[in-house]
Amino acid sequence: MRLTRMVIGHLGWISLAGFSAAPWAFGAASASETEQTMRMAIIVGTVLGAVLIGLLLYQFSQRSSQAQFKGSSVSELPAARAAVAEDTKLFMPVVLEQLNQLAMAPEQRQRVARTVSEIVTQTFEKQVNTVKRQLNDQYGQVIEEKRRNEAILQRKYQDTLTEKKQTVAILESIAEGLVVVNNRGEVVMMNPAAERLLAVNQQERVGKPLTENLRDEQLVSLVKGSKDHNQEIVLSAKQDRTKRVLRASNAVITDENGTTVGMVAVLSDVTRQRELDQLKSEFVSKVGHELRTPIVAMRHALSILTDQVAGPMSEEQQKFAGIVQRNLERLGALINDLLDLSKLEAHKMELRLEPNAIGAVIQTVCDSLDAWAKTKAIAISKRVPDDLPAVPFDQARITQVLTNLVGNAIKFTPKQGRITVEAKLDQEQQAVVVSVSDTGIGIAKEDLPKLFNKFQQVGERTASDISGTGLGLAITKEIIELHHGRVWAESELQQGTRFVFTLPLTQPSVAVTPG
Amino acid sequence: MDPTIRVLIVDDEQDFAESVAFWLSSKGYEVTKAERGATAVELVMEGRHDILFLDINMPQMSGIETLRRIRAFNKTLPVIVVTAAYEDETNFADVNALGVSGFFPKEGTMSQLMHVLEVALRSHRTLKPPAT
């Protein structure tokens with residue numbers, strides 16, 4: 001770039017020198033005073049013009065290299081001076097030669113030369129100062145811009161730092177434990193709550209596999225069982241025999257390409273919650289037993305009356321004793337259901353899983369309920385293929401489920417209705433699908449999701465024989481889910497209802513939970 | 001005529017015991033009731049009973065403890081253990097090891113109770129249920 005500038009600058013000098021020399025050469029014959037004055041003017045003009053044009057060209061070449069300028073500085077100023085000085089060398093001989101040709105006394109010539117020199121110096125300094133000012137301005141702008149950018153960067157950095165501090169403060173103050181692991185299962189971060197809950201130290205853990213040196217094997221499931229978004233892990237304290245129950249909610253972290261890069265686990269201590277559940281379950285169980293005792297006493301006492309062991313009863317007496325008996329049975333059923341449900345909810349119900357034929361259970365249930373169905377002239381039909389494979393299930397519990405579903409169907413189906421109990425193999429689901437369909441009053445769509453809730457009664461009850469504990473379907477759902485199956489209902493108002501449940505062909509092996 | 005079978009019902013739930021006693025009496029048995037395990041041990045010691053209905057859940061002296069004390073001096077008396085349903089805590093193995101002739105859940109019907117009683121009596125060499 002410097003070379004370009006020099007070339008342009010020199011070309012400027014040469015062209016100017018040529019241009020100013022021309023009239024001089026043409027007018028050399030007459031040496032009048034006017035001619036001398038002209039020559040002087042030309043000399044001064046040549047010098048000033050040369051300096052000006054040199055500087056202008058220099059500036060022009062500077063601007064043309066604006067891009068480069070940004071990176072340059074005032075250190076370029078001496079270069080400008082040098083360029084001008086170099087050019088002065090070129091034209092000075094021409095000027096001196098012109099001066100020599102003038103008919104002047106040496107003192108006069110010296111004065112002229114001094115004057116020219118002063119003018120040149122002043123003009124040059126003036127121009128240099130202008131350039132210097134311009135350069136300083138530009139430099140100042142660049143510096144200002146840089147300073148602004150730096151300030152923005154600094155602010156952004158501070159903002160990020162503040163945000164980071166806030167995030168860290170939040171993570172450190174939340175009661176939930178937070179563990180972040182990378183895709184190799186190494187701990188990237190864990191907050192104090194996680195350290196406390198897992199009884200480990202972050203400094204020891206970061207960068208190491210979560211499972212390393214951890215005695216509690218359940219923790220391994222934190223990283224390995226990432227498929228389960230929610231899981232409970234039981235930790236035994238090292239110091240004493242107390243156990244803590246942690247609920248881990250896991251989420252997989254993926255990058256923009258969807259590749260798994262790690263996992264974040266949120267741990268909450270649900271020990272107290274579990275203790276309360278346990279207390280609730282024990283309370284329900286205790287209340288259940290306590291309620292059962294007087295019911296049993298009443299039932300036996302009543303049976304002595306109704307069996308007329310204590311003497312004959314009139315028809316009226318029998319009728320009212322019957323009412324007492326029916327309601328005692330109902331109360332007993334309610335307590336049984338409550339106890340069942342409390343057991344199921346406390347995960348205390350153990351299944352006796354044995355390969356069984358669902359067809360046989362359907363047959364038994366239908367036979368036992370047939371008499372009741374006949375009182376309403378309801379026909380129960382069964383559709384069970386002969387080649388249906390045996391599936392592992394708890395016969396007593398599935399009998400309870402089917403009794404409940406077929407019983408419900410009888411309750412909610414008007415006289416002359418039809419009930420169909422069907423079982424078939426679903427290869428895709430790897431399960432036996434059992435359904436109980438009726439031609440009953442049906443259930444509104446919006447009520448379907450509420451069906452399996454406790455004490456949930458949907459729609460309007462009209463028939464007087466529709467009574468129950470309100471727990472049957474909740475128990476059904478728990479039992480089926482304990483079998484790793486699913487249960488749901490399909491229905492249209494006035495069209496009937498179809499309850500469906502699945503029983504997997506194989507049951508997962510029982511997980512061993514330590515302690 | 002067969003001698004009358006003498007039944008001892010040990011249960012803190014007197015309303016339950018009353019019904020069972022009435023029922024058994026109506027079927028020709030001679031029935032005595034005891035509310036406490038300690039009373040039962042004393043009565044058995046007197047040796048006036050042929051068979052025992054023993055409630056497993058009793059305050060103070062439990063059914064198991066009562067049976068253990070009885071078995072310390074009487075190893076032949078037929079004993080029917082009366083249980084409530086949902087008797088999760090009862091260790092049936094412990095009770096069985098002490099020698100029992102049968103179990104009757106309190107929720108059972110009176111005819112079921114009769115059945116358990118008759119089976120226990122028949123299995124005993126010298127005792128027979130009254131003819132009905």
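Here a colleague asks a modeller about the cores and the chain interface of a predicted model.

Modeller: Local features need pLDDT of at least 70, and side-chain atom pairs count only at pLDDT 80 or more, while totals for chains, interfaces and linings use all residues. Residues are numbered from 1 along each chain as its sequence is written, chains are lettered from A in the order written, and side-chain values use heavy atoms, without hydrogens and water.

Colleague: Why is the set with I358(A) and F501(A) called a nonpolar core?

Modeller: A nonpolar core is a set of buried Ala, Val, Leu, Ile, Met, Phe, Trp, Tyr and Cys residues joined through side-chain atoms within 4.5 Å. Buried means under 20% relative accessible area (1.4 Å probe, protein chains only). The largest such core has 44 residues, and V406(A) is one of those with the most contacts inside it.

Colleague: What does V406(A) touch?

Modeller: Leaving out residues up to four places away in sequence, V406(A) touches V365(A), L369(A), I380(A), I419(A), V421(A) and V436(A). Contact means heavy atoms within 4.5 Å. A second, separate core has 24 residues, including W23(B) and F104(B).

Colleague: What makes E107(B) and R292(A) a salt bridge?

Modeller: The rule asks for a side-chain nitrogen of Lys or Arg within 4 Å of a carboxyl oxygen of Asp or Glu. The side chains of E107(B) and R292(A) meet at 3.0 Å, N to O, so the pair satisfies the rule. The rule finds one salt bridge across this interface.

Colleague: How many residues are in contact there?

Modeller: 15 residues of chain B are in contact with 17 of chain A.

Definitions and conventions. Buried means under 20% relative accessible area, exposed over 50%, partly exposed in between (1.4 Å probe, protein chains only).
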